[in-house]
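Colleague: I have a new model open and would like to learn how to read it. Could you walk me through it, one feature at a time?

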Amino acid sequence: MKQIALTGIKPTGILHIGNYFGAIKPALALTGNYDARYFIADYHALNTIKDPKELSALIRQVAAGWLAAGLDPDQVIFYRQSSVPETLELCTQLMAFTTKGLMNRAHAYKAAVQANTERGEDPDAGINMGLYTYPVLMAADIMLFDSDVVPVGQDQVQHIEMAQDIAQAVNYNYRQEVLKVPQALVQKSVAVVPGLDGRKMSKSYGNTIPLFAPEKELRKLIMRIVTNSQAVEEPKDPEGSQIFLLYKLFAAAEEQTALAARYRGGGMGWGEAKEELFRVVNRELSPMRERFEALITNPGALDDILKRGAEKARVIARATVGRFRAAAGIDS
Ligand code: TRP
């Protein structure tokens with residue numbers, strides 16, 4: 001039997017090329033080797049996004065984006081967290097086994113407190129209980145589906161450790177394996193994608209290239225990538241250029257070798273290097289953009305996919321909360 005892998009996707013921003021190489025591609029690569037489950041973590045997003053139009057649009061765009069990028073809903077389970085209300089029941093069940101001290105130690109909460117303190121504000125200013133108890137909801141997401149592994153970046157490892165603590169507290173109390181204790185699958189070698197200004201591509205730096213930007217906008221953004229002032233005729237170092245680093249993510253090995261030689265040989269200006277980059281980026285993204293447009297303009301089809309996913313998910317979810325209830329003496 002394959003191990004179960006579960007990935008949560010927080011719909012808090014429109015998808016960009018950094019998300020694609022840093023999160024989407026590596027997560028989708030697990031399909032096949034694992035019994036894979038992917039979900040849109042909309043209740044996690046609610047902690048920060050309070051505008052209903054914005055949240056609803058982001059949920060749809062992110063769901064359509066993962067499907068357009070190759071997520072196959074027939075091969076995996078793909079659902080919205082909010083469509084599986086058992087998540088919230090398990091969350092409540094876990095609350096009774098989660099110490100307040102554990103939550104006090106969470107990095108995200110501590111960072112928020114520190115930022116408040118530095119600004120001279122009340123330590124808990126602007127911190128809602130959703131943020132404070134975020135690790136419990138995440139533990140529920142994970143344990144609800146008997147996940148063996150959770151592929152995450154380094155920043156999420158503490159959350160998995162907390163989920164382990166909570167699961168062990170439950171299992172120890174009832175002297176049986178009520179919940180599976182999950183393991184983090186840390187993906188170290190994922191690509192760091194340079195943004196328009198050369199720093200890591202990130203929403204918070206405002207230097208992103210949206211994954212589904214229309215062709216014209218995509219071209220415009222690529223033309224805006226910051227370069228040094230080397231003249232056309234000067235030989236250029238491909239590895240020192242973020243245009244080339246981006247090119248490498250999209251081009252075949254032979255294309256990379258050929259273009260690197262042109263950089264080194266001189267006679268190619270940054271404008272031309274950007275044209276080459278646009279060509280390979282658009283080549284990979286245009287079929288995805290078409291699939292994305294088809295899903296976003298057909299909300300019924302998208303809803304159907306998510307609804308079927310939720311139905312599959314709830315079968316597993318009901319079993320888990322039932323196991324907990326039985327162990328705890330709360331019979332239905
Ligand atoms: N906390 C994760 C993030 O910020 C998203 C997430 C929510 C998640 N629940 C999860 C990831 C469960 C893995 C498993 O990216």
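**Reading the model step by step**

Modeller: Let's begin with the overall inventory: the protein's secondary structure amounts to 14 helices and five strands. Keep in mind that this is a predicted model.

Colleague: Thanks! What box do the C-alpha atoms fill along the principal axes?

Modeller: Roughly 75 × 50 × 40 Å. As for burial, 48% of the 332 residues of the protein count as buried.

Colleague: Now the ligand. Which residues surround the ligand?

Modeller: A good habit is to list the shell before looking at single contacts. Here the ligand is surrounded by L6, G8, K10, F39, H44, Y134, M138, D141, I142, V150 and Q156. By chemical class, the shell residues divide into six nonpolar, three polar and two charged.

Colleague: Which side chains have an N or O atom beside a nitrogen atom of the ligand?

Modeller: For this, go through the polar atom pairs one by one. In the side chain of Y134, an N or O atom is 2.7 Å from a ligand nitrogen. For the side chain of D141, the corresponding distance to a nitrogen atom of the ligand is 2.8 Å. Q156 places a polar side-chain atom 2.9 Å from a ligand nitrogen. As for cover, the ligand has 370 Å² of accessible area on its own, and the protein covers 87% of that.

Colleague: Which elements give two or more residues to that shell?

Modeller: Those are β1 (4–9) and α8 (134–144). The largest share, four residues, comes from α8.

Colleague: Let's move on to the strands. In which sense do β4 and β5 pair?

Modeller: Pairing is read from the bridges between two strands. Strand β4, residues 149–152, and strand β5, residues 183–186, pair in the parallel sense over four bridges. Following individual residues, V152 has V186 as its bridge partner in β5, and the chain gets from β4 to β5 through helix α9 (residues 157–174) in a right-handed β-α-β crossover. Also in this pair of strands, P151 stands opposite L185 of β5.

Colleague: And which way do the residues of β4 point?

Modeller: Sort them by the side of the strand. V149 and P151 point one way, while V150 and V152 point the other way, and all are buried. You have met V150 already, as one of the residues that surround the ligand.

Colleague: How should I read a single residue, say N282? Is N282 buried or exposed?

Modeller: Start with its element, then its accessibility, then its contacts. N282 lies in helix α13, residues 270–296. Its relative accessible area is 11%, under the 20% cut-off, so N282 is buried. The side chain of N282 is joined to that of R289 by a polar contact of 2.8 Å.

Colleague: Let me try the same with E121. Where is E121 placed?

Modeller: You will find E121 in the loop between α6 (107–118) and α7 (129–132). With 39% relative accessibility, E121 falls between the 20% and 50% cut-offs and therefore counts as partly exposed. Its side chain makes a polar contact of 3.2 Å with the side chain of R119.

Colleague: How far apart are E121 and N171?

Modeller: Give both separations: E121 and N171 are 50 residues apart in sequence and, C-alpha to C-alpha, 40 Å apart in space.

Key. Residues are numbered from 1 along each chain as its sequence is written. This is a predicted model: local features need pLDDT of at least 70, side-chain atom pairs count only at pLDDT 80 or more; totals for chains, interfaces and linings use all residues. Side-chain values use heavy atoms; hydrogens and water are left out. A residue is near a molecule or strand if one of its heavy atoms lies within 4 Å of it. A polar contact is a pair of N or O atoms within 3.5 Å; within protein, one must be able to donate a hydrogen and the other to accept it, and residues adjacent in sequence count only if both atoms are side-chain atoms. Accessible areas come from the Shrake-Rupley method with a 1.4 Å probe; for residues, only the protein chains shown count as cover. Ala, Val, Leu, Ile, Met, Phe, Trp, Tyr, Cys and Pro count as nonpolar, Asp, Glu, Lys and Arg as charged, and the others, Gly among them, as polar. Two strands pair if DSSP finds at least two bridges between them. A crossover is right-handed if, with the strands pointing away from the viewer, the path from the first strand over the helix to the second runs clockwise. Buried means under 20% relative accessible area, exposed over 50%, partly exposed in between (1.4 Å probe, protein chains only).
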